[in-house]
Amino acid sequence: MAFDSTASHNITSDLANLSIHSEYNGQDEVVLRDGTGLHVANIGSTTVSSTSRSFILKETLHVPFIHKKLDLSSQFYS
């Protein structure tokens, strides 16, 4: 799963990463830098935990066919 504190949505290719989810019926796609559009299958939320706190990531997109390595945020600011 990839997360970015400045992103409008977070993305996972594994539906099991979403604790709560529902099927996404919209027409939006995740568009990669090369222009490739990928289908969003589900939308939901997940929790990412560190040793000191947990973060709830809402509006996480389940994109089954995303195989690109995405940058991960290494810090969160509160």
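**A four-stranded sheet, and two residues to look at**

Okay, let's start with the sheet: four strands make an open sheet in the order S1-S6-S5-S2, and the pairing is mixed. At the edges you'll find strand S1, residues 10–12, and strand S2, residues 20–23, each pairing on one side only. On average, neighbouring strands in this sheet are turned by 35 degrees against each other, if you ignore direction. Before I go on, please keep in mind that this is a predicted model.

A quick general reminder: strands in a sheet pair through backbone hydrogen bonds, and they can do that parallel or antiparallel. Which way do S1 and S6 run? They run parallel, and three bridges join them. If you want one pair to click on, take Asn10, whose bridge partner in S6 is Thr60.

Now let's step back to the chain as a whole. How many helices and how many strands does the protein chain have? Zero helices and six strands. So reading along the sequence you just get β-β-β-β-β-β. The chain has 78 residues, and 32% of them count as buried. As for the surface, the chain exposes about 5,700 Å², with carbon and sulfur atoms supplying 49% of that. And what about contacts along the chain? Take the ones between residues at least 6 apart in sequence: 51% of those join residues at least 24 apart.

Right, on to individual residues. Let's stay with strand S6, which covers residues 54–62 and includes Glu59. What is phi doing at Glu59? Phi there is near 55 degrees, which is a positive value in a residue other than glycine. Is Glu59 buried or exposed? Well, the relative accessible area of Glu59 is 44%, and because partly exposed covers the range between 20% and 50%, that's where Glu59 lands.

My other pick is Gly37, over in strand S4, which spans residues 37–39. Gly37 has a relative accessibility of 32%, so Gly37 counts as partly exposed too. Who does Gly37 touch, leaving aside neighbours within four places in sequence? The contacts are Glu29, Val30 and Val31. One distance you can check on screen: from Gly37 to Ile66, C-alpha to C-alpha, is 9.9 Å, and in sequence these two residues are 29 apart.

To wrap up, the picture to take away is a chain with six strands and zero helices, with four strands in that open sheet, ordered S1-S6-S5-S2. Within S6, have a look at Glu59 and its positive phi. Thanks, that's all from me.

Definitions and conventions. Residues are numbered from 1 along each chain as its sequence is written. This is a predicted model: local features need pLDDT of at least 70, side-chain atom pairs count only at pLDDT 80 or more; totals for chains, interfaces and linings use all residues. Side-chain values use heavy atoms; hydrogens and water are left out. Buried means under 20% relative accessible area, exposed over 50%, partly exposed in between (1.4 Å probe, protein chains only). Contact means heavy atoms within 4.5 Å. Accessible areas come from the Shrake-Rupley method with a 1.4 Å probe; for residues, only the protein chains shown count as cover. Two strands pair if DSSP finds at least two bridges between them. Axes are lines fitted to C-alpha atoms, for helices over the stretch in contact, and angles run from 0 to 180 degrees between N-to-C directions.
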